[in-house]
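Student: Before we discuss what the terms mean here, could you put the structure in front of us?

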Amino acid sequence: LPGALAAAHEHVPTEARAADGVSVTALRTPADSPGAVRAFELTARHQEVTLASGTTVSAWTYGSLPGPELRVTQGDLVEATLHNADIDAGVTIHWHGFDVPAGEDGVAGVTQDAVLPGDSFTYRFVATDPGTYWYHTHQVSADGVRRGLYGTLVVLPPTGVPEDVDLTVPLHTVAGAVLLGDSDTAVARSVPAGASVRLRLVNTDQVPHRFRLDGAPFTFVAADGRDLIGPTPVTGKSLRIPAGGRLDLSVTMPESGVRLSSNASTEAVLSLAPDGAVIPGPVPEAADDLDLLPDLDLLQYGTPGGAGLPAGDGRVDATMVLDRNPRFLGTRPVYGYTVNGAVFPHIPSIEVSEGNRVRLTVVNRGWDTHPMHVHGHHVLVIERDGIRSTGSPLWLDTFDVQPGEVWVVEFVADNPGIWMDHCHNLDHAAEGMMMALTYR
Ligand code: C2O
Ligand code: CU
């Protein structure tokens with residue numbers, strides 16, 4: 001473990017530490033005032049979970065399926081203690097999309113060792129950036145996340161969100177069951193007509209999903225935890241979310257209600273209606289098949305503006321060519337998902353210095369979609385396949401590079417550490433599609 005990273009973990013004064021045995025509790029009141037210490041205890045364990053449909057699945061959880069939603073306010077000190085009850089493979093918590101100091105990033109083998117049964121580890125970071133995030137294990141992560149080691153993290157702005165109702169809706173497939181939120185069946189919630197609702201959609205699966213919201217126009221208000229500028233109402237579009245990505249949308253409740261569904265399941269559907277009833281069958285204006293709806297193009301949505309990318313200090317150009325290539329064991333080919341022709345850890349890292357402006361070109365030469373995830377930084381999308389982003393500045397931490405596509409993104413290296421950049425189809429990452437960005 002590099003010394004700088006070990007030291008980064010000790011950046012919080014000891015008086016800020018929580019007492020043991022505190023569960024999802026504010027240690028200072030009011031809990032939502034800036035600067036409060038928010039202590040959480042999460043215990044990873046094997047758990048038989050009976051889903052809403054009655055199906056029982058053998059899961060690995062952080063105490064529930066999904067893990068508890070951690071909801072804090074900007075400025076809070078998050079102090080999350082992870083215990084491992086009985087996951088022999090070991091566990092960590094990676095704060096997906098939240099740009100923590102490197103020592104809190106939860107990457108087993110890089111920023112910490114995996115937490116073994118009987119051990120624990122406390123993560124501490126200040127909730128600097130409001131938005132929708134999620135957390136998951138980063139130790140044998142393809143297996144661990146798929147089995148249920150995931151949950152959501154929401155950081156509220158100090159004044160709260162403008163909507164009246166705020167719901168987080170992760171979509172996850174576990175043992176063949178699709179959970180929308182915590183249910184694998186149709187769920188209804190009562191929301192008064194005229195109320196505004198924020199839906200935080202989170203794709204915690206390993207493949208992209210397409211969502212639709214029927215019953216009223218909606219606006220996209222944030223992508224990957226960053227607000228969009230100039231959002232306008234949309235109807236008749238589907239929302240494609242890459243593996244690991246998040247989209248927040250806002251809708252005003254009509255009398256007849258709205259319904260959220262996805263390509264992943266015809267059962268796990270969320271209805272919001274003034275009387276709290278499940279909206280049966282196709283909603284009137286939504287008879288079309290999801291496959292026939294065009295995806296909203298986020299690169300052209302909203303209006304330009306905002307502070308833009310800082311000029312930075314020195315330029316770095318880096319390229320990631322994604323493919324699937326054989327290596328030869330004798331004459332026997334062993335296929336792996338590769339970056340620049342090699343598999344992790346045999347891929348030279350991207351070397352940057354603090355303050356460098358980094359231009360990253362990601363080329364997909366293979367046949368699979370690769371949801372590229374960048375740790376520690378949000379990247380500004382410049383162009384996809386030569387088409388420039390002309391809408392709201394789009395700051396993402398996870399972007400879907402489809403077969404044949406070329407994405408150009410930029411960011412300023414402002415978070416020292418060793419960071420993983422990898423495909424969030426975690427099976428691909430496990431086969432080698434993962435590289436490091438390191439600060440010299
Ligand atoms: Cu959500 Cu490195 O992962
Ligand atoms: Cu991939």
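**Domain contact and one sheet**

Tutor: In this predicted model, 23 residues of domain 1 are in contact with 20 residues of domain 2. Local features need pLDDT of at least 70, side-chain atom pairs count only at pLDDT 80 or more, and totals for chains, interfaces and linings use all residues. Residues are numbered from 1 along each chain as its sequence is written, and chains are lettered from A and ligands numbered from 1 in the order in which they are written.

Student: What makes two residues count as being in contact?

Tutor: Their C-beta atoms, placed from the backbone, must lie within 7 Å.

Student: Which elements each supply at least two residues of the side of domain 1 that touches domain 2?

Tutor: They are β3 (56-61), β8 (131-136), α2 (141-147) and β9 (150-156), with β8 giving the most, four residues. Such labels follow DSSP runs numbered from the N terminus, helices being H or I of at least four residues and strands E of at least two.

Student: Why are β12 (187-190) and β17 (239-241) called edge strands?

Tutor: The open sheet has five strands in the order β12-β20-β19-β14-β17, with mixed pairing, and β12 and β17 each pair on one side only.

Student: How do you know that β14 (residues 209-214) and β17 pair?

Tutor: Two strands pair if DSSP finds at least two bridges between them; β14 and β17 have three, in the antiparallel sense, so the criterion is met. Phenylalanine 211, for instance, has leucine 239 in β17 as its bridge partner.
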